[in-house]
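Q: I am new to this structure and would like a close look at a single part of it. Could you take me slowly through one loop and what surrounds it, and then set that part within the whole chain?

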Amino acid sequence: VALNLTSSSDITIKVLDVVGEIISVKTLSNVSNHVCNLDLSAVSEGLYFIEVSTATEKSVKKINVIKK
């Protein structure tokens with residue numbers, strides 16, 4: 001999930017299940033260009049949503065967790 005940040009911002013990353021319950025929340029401060037790894041090993045297989053937000057914008061992506 002990518003946001004085009006024009007200046008340093010605080011971001012919040014939420015992982016939500018298909019019914020909208022928050023599974024995980026991660027907050028990063030003063031981010032300008034950052035790659036964040038999310039450990040989803042504790043969640044069950046299925047459909048999830050990743051929501052990345054700043055004070056002025058929000059992006060949501062759908063992911064499918066498949067374990068081998």
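**The loop between β1 and β2**

A: In this predicted model, Val19 lies in the loop that joins strands β1 and β2. The two strands on either side of this loop are β1, which covers residues 9–17, and β2, which covers residues 22–31, and Val18 is placed in the loop between them as well. Val19 has a relative accessible area of 63%, and it therefore counts as exposed, since the cut-off for that word is over 50%. Val18 is also exposed, because its relative accessible area of 53% is over the cut-off of 50%. These two residues, together with Leu47, make up a nonpolar patch on the surface, and the three of them share about 270 Å² of accessible area. As for the position of Val19 relative to a residue from another part of the sequence, its C-alpha is 9.2 Å in space from that of Tyr48, although 29 residues separate the two in sequence.

Beyond the loop comes strand β2, where Ile22 is found and where Ile23 also has its place. If neighbours up to four places away in sequence are not counted, Ile22 touches Lys14, Val15 and Leu16. For Ile23, with its neighbours within four places in sequence left aside, the contacts are Val15, Leu16, Asp17, Val43 and Tyr48. Ile23 has a relative accessible area of 40%, so it counts as partly exposed, a term that covers values between the 20% limit for buried and the 50% limit for exposed. Both isoleucines can also be placed with respect to Phe49: the C-alpha atoms of Ile22 and Phe49 are 9.5 Å apart, with their positions 27 residues apart in sequence, while Ile23 and Phe49 are 26 residues apart in sequence and 9.8 Å apart in space, again from C-alpha to C-alpha.

Some of the residues already named also belong to the interior. The largest nonpolar core of the chain has 11 residues, among them Val15, Val43 and Tyr48, which are also contacts of Ile23. Other members of this core include Ile11, Ile13, Leu28 and Val31. The elements that each give two or more residues to the core are β1, β2 and β3, the last of which covers residues 46–53.

A second loop offers a further point of reference. Glu57 is placed between β3 and β4, the strand of residues 58–65, and it counts as partly exposed because its relative accessibility is 31%. Its C-alpha is 9.6 Å from that of the core residue Ile11, although the two are 46 residues apart in sequence.

Now to the chain as a whole. It has four strands and zero helices, and its elements run β-β-β-β from the N terminus on. Of its 68 residues, 29% count as buried, and the chain exposes about 4900 Å², of which carbon and sulfur atoms supply 47%. Among the contacts with a separation of 6 or more, 43% are between residues 24 or more positions apart.

A last point concerns confidence. The average pLDDT of the chain is 86, and 87% of the residues score at least 70. Among the elements, β2 has the lowest mean pLDDT, at 89, and β3 has the highest, at 93. Where pLDDT is low, the predicted coordinates should not be read in detail.

Methods. Residues numbered from 1 in each chain as written. Predicted model: local features only at pLDDT ≥ 70, side-chain atom pairs only at ≥ 80, totals over all residues. Heavy atoms only, no water. Patch = residues over 30% accessible without salt bridge, like charges linked within 9 Å, V, L, I, M, F, W, Y side chains within 5 Å. Areas by Shrake-Rupley, 256 points an atom, 1.4 Å probe, with all protein chains shown as cover. Salt bridge = Lys/Arg side-chain N within 4 Å of Asp/Glu carboxyl O. Buried < 20%, exposed > 50% of the residue type's maximum accessible area, 1.4 Å probe, protein only. Contact = heavy atoms within 4.5 Å. Core = buried A, V, L, I, M, F, W, Y, C linked by side-chain atoms within 4.5 Å. pLDDT = per-residue confidence, 0-100.
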